[in-house]
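Okay, thanks for squeezing me in, everyone. Let me put the structure up and walk you through a few side-chain contacts and one hairpin.

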Amino acid sequence: MREPFEAAGSLRETYQQVDWADTPLGPVASWSPALRAAVNLMVRSRAAATLLWGPQFVLLYNEAYVPILAEKHPNALGRPVRAVFPRGLGRHRAAAEVGSRR
């Protein structure tokens, strides 16, 4: 797998334009195999999907998720979820935290 988002469809260019080194995830070359595989799987999904990664819950998402984000796209990509959704995860926080410990 050359890049984890090579199958991102219309979002591929958007993913490539993100300065990943300037995000909590760091440069793509330093991403763990688990993160690379999760992103690759998520971008291939036809269903709206998002991935919240790491302690800051960095937001990654697929093409079908763009309408959900509306005007927050493309600036949401690669940003901590709190920066995108200032009210936070609300009732979904506990589920996200459990998932991040696995």
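Let's begin with E3, which is buried at 16% relative accessible area. Keep in mind this is a predicted model. The E3 side chain meets that of R12 in a salt bridge, at 3.1 Å from N to O. R12 sits at 34% relative accessibility, so that one counts as partly exposed. And the total count for the model is 1 salt bridge.

Next, the aromatics. The count here is 6 aromatic pairs. Take F5 and Y15: they're stacked, 5.0 Å centre to centre with 20° between the planes. F5 lies in the segment before α1 (12-17) while Y15 is in helix α1, so this pair ties together parts that are 10 residues apart in sequence. Are those two buried or exposed? Both F5 and Y15 are buried, with Y15 at 0% relative accessibility.

Y15 has another ring partner, W20: the centres are 6.0 Å apart and the planes are at 20°, so that pair is stacked too. W20 is buried as well, at 4% relative accessibility. Put the ring pairs together and you get a cluster linking F5, Y15, W20 and W31.

Last stop, the hairpin. Strand β1, residues 50-53, and strand β2, residues 58-61, run antiparallel and are joined by 4 bridges. If you want a spot to click on, L51 has L60 in β2 as its bridge partner. There are 4 residues between the strands, and in this hairpin G54 takes a positive phi near 80°.

That's my tour, happy to take questions.

Notes
Residues are numbered from 1 along each chain as its sequence is written. This is a predicted model: local features need pLDDT of at least 70, side-chain atom pairs count only at pLDDT 80 or more; totals for chains, interfaces and linings use all residues. Side-chain values use heavy atoms; hydrogens and water are left out. A salt bridge is a side-chain nitrogen of Lys or Arg within 4 Å of a carboxyl oxygen of Asp or Glu. Buried means under 20% relative accessible area, exposed over 50%, partly exposed in between (1.4 Å probe, protein chains only). Two strands pair if DSSP finds at least two bridges between them. Helices (H or I, at least four residues) and strands (E, at least two) are DSSP runs, numbered from the N terminus. Rings of Phe, Tyr and Trp (its six-membered ring) pair if their centres lie within 6.5 Å; planes under 30 degrees apart count as stacked, over 60 as edge-to-face and the rest as tilted.
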